[in-house]
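Me: I would like a close look at a single part of this structure, set out as one connected account. Please take the part built from strands, and go through it from one neighbour to the next.

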Amino acid sequence: MAFERFKVLTFDVVGTLIDFEKGVLDSVRALNPEAGEDLSDDDIFKPYVEGRDLFPGRSSEAMGDVYRHLAGKLGLDGSDAAAAAFQARILRHPAFPDSVEALKRLRQRFRLVAMTNADRVTFQSYSHTLDNPFHDSVTADEALTPKPSPLFFAFNRGRQSAFGFKQEEILHVAQSQYHDIGVARELGYKVCWIERRQGQKGFGGTPTPPEVTKPDFHFATLAQLADAIEADIAGGAGHGKAAA
């Protein structure tokens, strides 16, 4: 059985469970209804990624500056009011349609731990959107470093070991090759890539990784992972797609 070894599922949140790409695109276009119509998704994502790199601070505080950078690059409304509105809308990014139900199913069998580059303020909003599914959580402001730093993973490993869980009992579940999949695999974790952008070109609102890491498990949605685990534990023949 492919999944019986795991007791803990650790999750990237933003991009894996919360559809921040839709949130960013919708926000930019809502704040710039005329100019936004002519901008492609990639037009918006490029300066967004640049801005987040320039302003890597707490997500509940830095996104106004990220927006100002984006607006300056694209010739959009860069006013204080627009930046403040963009910052406020960050807290209301939607969940992916399958996230809440799939997390409820997974919680029946595993300890669920959030590992997010959001700060505690932003994460609390996202956790509420997800119907508060987590047994534990680690945010970037608590770890004092964001992913893909190995120190973030070390912080969480120590935290989970205090509850009696070993690294080999953890499956890390994430969308971002750059922030999660590559570094987690290098550190010896088993990893599950939820490829939310499957069928789309590029890496959208996340930085381009140096290379695409082959995961241990690979699904397009979180619901597919939940299906695979349930089938696997029940002894079903078609228990999903483990990477060969």
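Reply: Two strands are said to pair here if DSSP finds at least two bridges between them. Strand 2 and strand 3 satisfy that condition, since they are joined in the parallel sense over 4 bridges, and because the model is a predicted one, this and everything that follows describes computed geometry.

The wider arrangement is an open sheet of 6 strands, which follow one another in the order 3-2-1-4-5-6 with parallel pairing. Its edges are formed by strand 3 (136-139) and strand 6 (217-219), each of which pairs on one side only. Ignoring direction, neighbouring strands of this sheet are turned against each other by 20° on average.

Starting from the edge at strand 3, the register of the pairing with strand 2 can be followed at methionine 115, which stands opposite valine 138 in strand 3. Strand 2 (111-116) is itself largely enclosed by the rest of the structure, because 6 of its 6 residues are buried, that is, under 20% relative accessible area. In a regular strand, side chains alternate between the two faces of the sheet. For strand 2 the two sets are Arg111, Val113 and Met115 on one side and Leu112, Ala114 and Thr116 on the other, and since all of these are buried, both faces of the strand are covered.

The next neighbour in the order is strand 1 (residues 8-11), which pairs with strand 2 in the parallel sense over 4 bridges. Within that pairing, leucine 9 stands opposite leucine 112 in strand 2. Strand 1 also pairs with strand 4, again in the parallel sense and over 4 bridges, and in this case phenylalanine 11 has valine 173 of strand 4 as its bridge partner.

Strand 4 (residues 170-174) is mostly covered, with 5 of its 5 residues buried. Ile170, His172 and Ala174 point one way from the strand, whereas Leu171 and Val173 point the other way, and every one of them is buried. On its way to the other edge, the sheet continues with strand 5 (residues 190-194), which runs parallel to strand 4 and is joined to it by 4 bridges. Two places mark the register here: leucine 171 stands opposite lysine 190 in strand 5, and the bridge partner of histidine 172 in strand 5 is valine 191. Val173 of strand 4, already met as the partner of phenylalanine 11, belongs with Leu171 to one side of the strand, while His172 belongs to the other.

A helix completes this view of the sheet. Helix 8 (residues 150-161) lies across strand 1, strand 2, strand 3 and strand 4, and runs at about 155° to strand 3. Since angles over 145 degrees count as roughly antiparallel, helix 8 is therefore roughly antiparallel to strand 3. The strands that helix 8 lies across thus include both strand 2, with 6 of its 6 residues buried, and strand 4, with 5 of its 5 residues buried, as well as strand 3, one of the two edge strands.

Terms used:
Residues are numbered from 1 along each chain as its sequence is written. This is a predicted model: local features need pLDDT of at least 70, side-chain atom pairs count only at pLDDT 80 or more; totals for chains, interfaces and linings use all residues. Side-chain values use heavy atoms; hydrogens and water are left out. Buried means under 20% relative accessible area, exposed over 50%, partly exposed in between (1.4 Å probe, protein chains only). Axes are lines fitted to C-alpha atoms, for helices over the stretch in contact, and angles run from 0 to 180 degrees between N-to-C directions. Contact means heavy atoms within 4.5 Å.
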